[in-house]
Amino acid sequence: MPQSCHLWPKESDRNGWTVRPGVPAVCRLQNGRRLLWRIYSHLDRNSTHREAYFAYQTVEIERDAQQQTVVGEDNILVEIHPIPSRLEDFQEVTLDVQLDCSCLNVDLLLTKECLTETLRTFLTGTFFCKGSRIDFTSCLRERNMGICGAYVKDTLGPSIYGEIDCNTVINIGQILYHPETLASKPLGGIDTAREQLETALTEARSLLLIGPSGCGKYSLVKSIAKAKILPLFEVRGLHFLRSLPGETEAELRQTFLRLHLFQELIEREKPAILLVKDIDTICPKISAKKGEEVLNIARIASQFISLVDQFRESAENVIIIGTTSSVESMDARLRRPGRLDTEITIGIPSKEQRIDVLRCFHTTTRGSLTDEQLDLIGQRTAGYVGAELELLYYNLVREMHKRQLPFEEALAEVQKKHRPSSLRNATGLVGADATLSLDSFGGMDELKALLRLCIVEQLANPARFQRLGIHPLRGILLYGPPGCAKTTLAKCLAAETGMTFLSLSAAEVYSPYVGDAEKLITRVFNEARTNAPAMVFLDEIDSLVGNRGTAGMKGGSGAVNMGVLSTLLMEMDGIGQAEQAASALSEDAKRIVVIAATNRPDMVDDALLRPGRLTKLIHVPAPDAKGRLEILRKLAQNIPFAEDVKLEVVADETDRYSGADLQNLCTQAALNAATQDLNATVVCMSHLRCALEDVRPSLTKEQIEWYRNYEANRLR
């Protein structure tokens, strides 16, 4: 709202325009706003006319229904109408008052009478009319004592425009606690938490709001407080902490005293909300260690808990809401019944909730993305919370418009820059490659069809399988000779489904310290649940857990192997996750697939191979002639073969070659071509013949036969 304006009339108009100093006037701007002014003339050395008119004490008049349709930000002055009649004092005025709880001076504004007299002081010398809005933040700045503004709801006096004096009766109609100009943040995907919070506020129960950072805890509380017109006092846990002993406790007592004085000011008409952000910093879990620092923490926590109990027993109309993203580090005393007895959890959003969040942003910004594109973003953003989705959405729209990139390419670029916070320090994370799919390598058509049915279709259309009572597949064991694309198969499957891919091997798990291996497996599975749907790939599982069976070729099971195997079994059964952590997870948390790969399936413990864990055992065989031909055709898409190269002949002559051997063969042929001529553009059949002499098959007939016999024995 403007507080001053300089007018330079034309010279012809200035001579005939006589304006007395301090004359009240009504002006209209081009955008439809109307203001009440007092106009004074003064000399201005920068003006060519040496005279200007200065207006101050501006009060905005609320627009009517017809004027609300005028939209614009142009502040060009259009009309000025001086008020010819003399301003008289109002006999009675009714005001709606706007308060700012964050800077409200409750030490001076003890009662409504104090508030009334303060308003009288602020409004002295200002003329207004019914329907006027008076802003105190611009003219009084920090001296407004927390009174942001007032709306003149009704007036009683001899004229439309008037002032107040010491005899004017000031009535306070409604007290507002949130600025009307502050638009609420669009919140989607947290309807359940909103209903629970509204119920708790209706019953005036203090509560604890739990959720990861950026999930919308503060925005939800502020949105509901604004909708219900409830006063909201915001403090952060670190704001109370002071350097000297006893100062933190004094600050806590002062905060609760301000709440008590505020309740007396509004005569306990509505409950006041005290929002304590990061409450775990005030009341952390006290360890068994002793020392001065631990004693200080214990004393601060006890003081806060004591104040909560005092307000509870004195029936003060105060609701305490604590927010935390680390509930495990909180003092358990604060969570008992009678204190913060209600706990509401906002978990990691599921796919449907992420789409709902994105549509809220899309509706607010009126973006150009389609519903299909929003669905695709929701599918590819597992583990993202609301704040991260907002950042991703706005950067995606900016990237598409600034660089004119296609949607798919822009989404891939933005996701490389903005990963979810839950994955920034993830163990074994393998970045997603949108170009990979099960069709990225040749051969194994039956195996691809089986994996698409077991994994891809169950993830994309779970309702089709639920109708038949089919539960999602939890685990698959891929076994076969080395170099037959077991690891590549898992990567392509994760890329095609859009699942988070976490890979583990024995070298990453084992540690010289006792218990570290078990902790690492638990952390990986927790990260997978947080960012579900996810795939946990256990490479060389035979060396990771071993077999508890007979000794000899299978090896004896040591204490470390036993601990790792036990932890892995519990995590695959879902027992390892804590109940508190499970409540913060999304609906997709159970959509985790464990894929293990091994060259020695006989060395895998039988407990892992039972149904419900590694349910399906899939043999990834050495490629036959048809499979080798498909692999060579895939390799030919990147290596320029000459016309004399007959891939069918090469496939027939490469018996017992694995997929890795065939790739090595083609690479060696390309090197032979480069060795003969650095300017060569194609690879000839002679180069392949020469490479066949150097690259020998890595598989033997005994190996291939052993895997076939193992598969036949499993099928008996």
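Axes here are lines fitted to C-alpha atoms, for helices over the stretch in contact, and the angles between N-to-C directions run from 0 to 180 degrees. The model analysed is a predicted one.

Two packed helices are described by the angle between their axes and the distance between the axes. In this model, helix 9 spans residues 351-365 and helix 10 spans residues 371-379. Their packing angle is about 135 degrees, and their axes lie 8 Å apart. Helix 9 is therefore oblique to helix 10. The crossing of helix 9 past helix 10 is right-handed. Helix 9 contributes Lys351, Arg354, Ile355, Leu358, Arg359 and His362 to the contact. From helix 10 come Asp371, Leu374, Asp375, Ile377, Gly378 and Gln379. Sorted by class, this contact of helix 9 with helix 10 holds five charged, four nonpolar and three polar residues.

A second set of results concerns strand 12, residues 207-210. This strand is covered on both faces. Leu207 and Leu209 are buried on one side, and Leu208 and Ile210 are buried on the other.

Strand 12 also pairs with two strands, strand 15 and strand 16. Strand 15 covers residues 318-324 and runs parallel to strand 12, with four bridges between them. Within this pairing, isoleucine 210 has threonine 324 of strand 15 as its bridge partner. Strand 16, residues 342-345, is likewise paired with strand 12 in the parallel sense, over four bridges. Here leucine 208 is opposite glutamate 343 of strand 16. Leu208 and Ile210 thus appear both among the buried residues of strand 12 and in its pairings, Leu208 with strand 16 and Ile210 with strand 15.

How values were computed:
Residues numbered from 1 in each chain as written. Predicted model: local features only at pLDDT ≥ 70, side-chain atom pairs only at ≥ 80, totals over all residues. Heavy atoms only, no water. Parallel < 35°, antiparallel > 145°, perpendicular 65-115°, else oblique. Left-handed = near helix turned anticlockwise from the far one by under 90°. Contact = heavy atoms within 4.5 Å. Nonpolar A, V, L, I, M, F, W, Y, C, P; charged D, E, K, R; others polar. Buried < 20%, exposed > 50% of the residue type's maximum accessible area, 1.4 Å probe, protein only. Pairing = 2+ DSSP bridges.
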